[in-house]
Amino acid sequence: LVSRKKQKEDTIISLGDVNIGGGKPIMVAGPCAVENVDQVRAVAASLKQAGITVMRGGAFKPRTSPYDFQGLGIEGLKILKDAADEFGLKTISEIVDPGHIEMACEYIDVIQIGARNMQNFELLKAAGDVRKPVLLKRGIAATIEEFLHAAEYILSRGNTQVMLIERGIRTYEKATRNTLDISAVPILKQECHLPVLVDVTHSTGRKDIFAPCAKAALAAGADGIMVEVHPEPAIALSDAAQQLNFEEFNRFLSNVKESGLLG
Ligand code: PEP
Ligand code: MN
């Protein structure tokens with residue numbers, strides 16, 4: 001079902017008046033994690049001012065260490081929704097439990113399935129059973145074929161509103177957090193009809209190269225870029241080293257826009 005052979009036209013994900021895929025690429029931004037009301041409102045206000053229409057923010061955080069901040073859970077989804085409603089933004093947030101998928105539909109516009117859960121088949125099936133757009137992240141060590149099979153799980157249950165996002169894969173290279181596989185973008189665009197985004201934050205983990213990597217992704221045909229933004233990254237409860245503050249984000253955005261590739 002995901003194959004270009006099956007469907008020639010690009011799938012377009014429609015979030016109200018925001019379209020993803022098949023047209024001008026979009027910029028998705030927001031904090032790694034929802035931490036509190038003030039933090040999310042500050043991000044939402046800043047994104048709104050910058051012309052951003054879709055905000056991300058994790059409420060269920062799959063952390064490597066059990067002692068790290070795990071997110072605010074459902075309360076976090078409510079905080080995200082309230083801020084998004086106030087500023088007229090659409091939202092994306094990760095869900096990790098199949099039992100939370102239906103509940104999440106009330107609070108968010110796009111269900112994110114994280115890299116660690118790309119092959120959590122019960123979660124994929126649950127996401128396939130609802131009629132809500134899904135943003136599926138590439139697994140930490142997933143091949144492109146495995147990535148497409150994971151998407152197929154969702155489509156095969158009837159939910160055709162799926163977007164893919166390359167977020168870097170694990171290699172021997174230590175200069176970046178993961179290795180951004182730019183080649184995955186044109187390959188995925190050729191092989192399937194789903195929108196393809198690139199997460200510059202989790203792939204590179206390096207603010208100093210977000211802009212060139214975002215431009216490379218757009219030049220390779222990406223339908224969108226995702227980046228993490230926090231009012232005060234130094235005190236962020238997760239990914240402190242790789243979130244942009246508002247000034248850095250605005251500079252990043254205008255840098256990427258100079259390419260003429262962003263909508
Ligand atoms: C995220 O986007 O919040 C996240 C945890 O990323 P990933 O699943 O790609 O590690
Ligand atoms: Mn993060």
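# A first look at this chain

Q: What share of the chain's contacts with a separation of 6 or more comes from residues 24 or more positions apart?
A: Two residues are in contact if their C-beta atoms, placed from the backbone, lie within 7 Å. Take the contacts in the chain with a separation of 6 or more, and the part owed to residues 24 or more positions apart is 67%.

Q: What kind of model is this?
A: Residues are numbered from 1 along each chain as its sequence is written, while chains are lettered from A and ligands numbered from 1 in the order in which they are written. Local features need pLDDT of at least 70, side-chain atom pairs count only at pLDDT 80 or more, totals for chains, interfaces and linings use all residues, and the model is predicted.

Q: What is the radius of gyration of the chain?
A: The chain has 9 helices and 10 strands, which are DSSP runs numbered from the N terminus (H or I, at least four residues, for helices; E, at least two, for strands). The globule rule (2.2 Å times the number of residues to the power 0.38, with the radius taken over C-alpha atoms) gives 18 Å for 263 residues. The chain comes close to that, so it is as compact as a globular protein of that length, with a radius of gyration of 17 Å.

Q: What percentage of the chain's residues count as buried?
A: A residue is buried if 20 or more other C-beta atoms lie within 10 Å of its own, exposed if 12 or fewer, and partly exposed in between, with C-beta atoms placed from the backbone. Of the 263 residues, the buried part is 48%.

Q: Which elements do the buried residues of α4 pack against?
A: Helix α4 covers residues 121-128, and its buried residues are Leu123, Leu124, Ala126, Ala127 and Gly128. They pack against α3 (101-104), β6 (110-113), β7 (134-137) and α5 (144-156).

Q: Which residues does alanine 151 touch, not counting those up to four places away in sequence?
A: Alanine 151 sits in helix α5. It counts as buried because 24 other C-beta atoms lie within 10 Å. Its contacts are Val2, Leu136, Val162, Leu164 and Leu194.

Q: Is aspartate 223 buried or exposed?
A: Aspartate 223 belongs to the loop between α8 (210-219) and β10 (224-228). Beyond its neighbours within four places in sequence, aspartate 223 contacts Ile20, Gly21, Pro25, Pro195, Val196 and Leu197. There are 29 other C-beta atoms within 10 Å, so aspartate 223 is buried.

Q: Near what value is the phi of aspartate 239?
A: Aspartate 239 lies in the loop between β10 and α9 (246-257), and it counts as partly exposed because it has 19 C-beta neighbours inside 10 Å. Most residues other than glycine have a negative phi. Aspartate 239 is a residue other than glycine with a positive phi, near 45°.

Q: At about what angle do helix α1 and helix α2 pack?
A: Axes here are lines fitted to C-alpha atoms, for helices over the stretch in contact, and angles run from 0 to 180 degrees between N-to-C directions. The axes of α1 (residues 37-49) and α2 (residues 74-87) are 9 Å apart, and the angle is about 35°.

Q: Which residues surround ligand 1?
A: A residue is near a molecule if its C-beta atom, placed from the backbone, lies within 6 Å of it. The shell splits into 2 nonpolar, 3 polar and 4 charged residues (Ala, Val, Leu, Ile, Met, Phe, Trp, Tyr, Cys and Pro count as nonpolar, Asp, Glu, Lys and Arg as charged, and the others, Gly among them, as polar). Around ligand 1 you'll find Cys32, Gly58, Glu94, Gly114, Ala115, Arg116, Lys137, Arg167 and His202.
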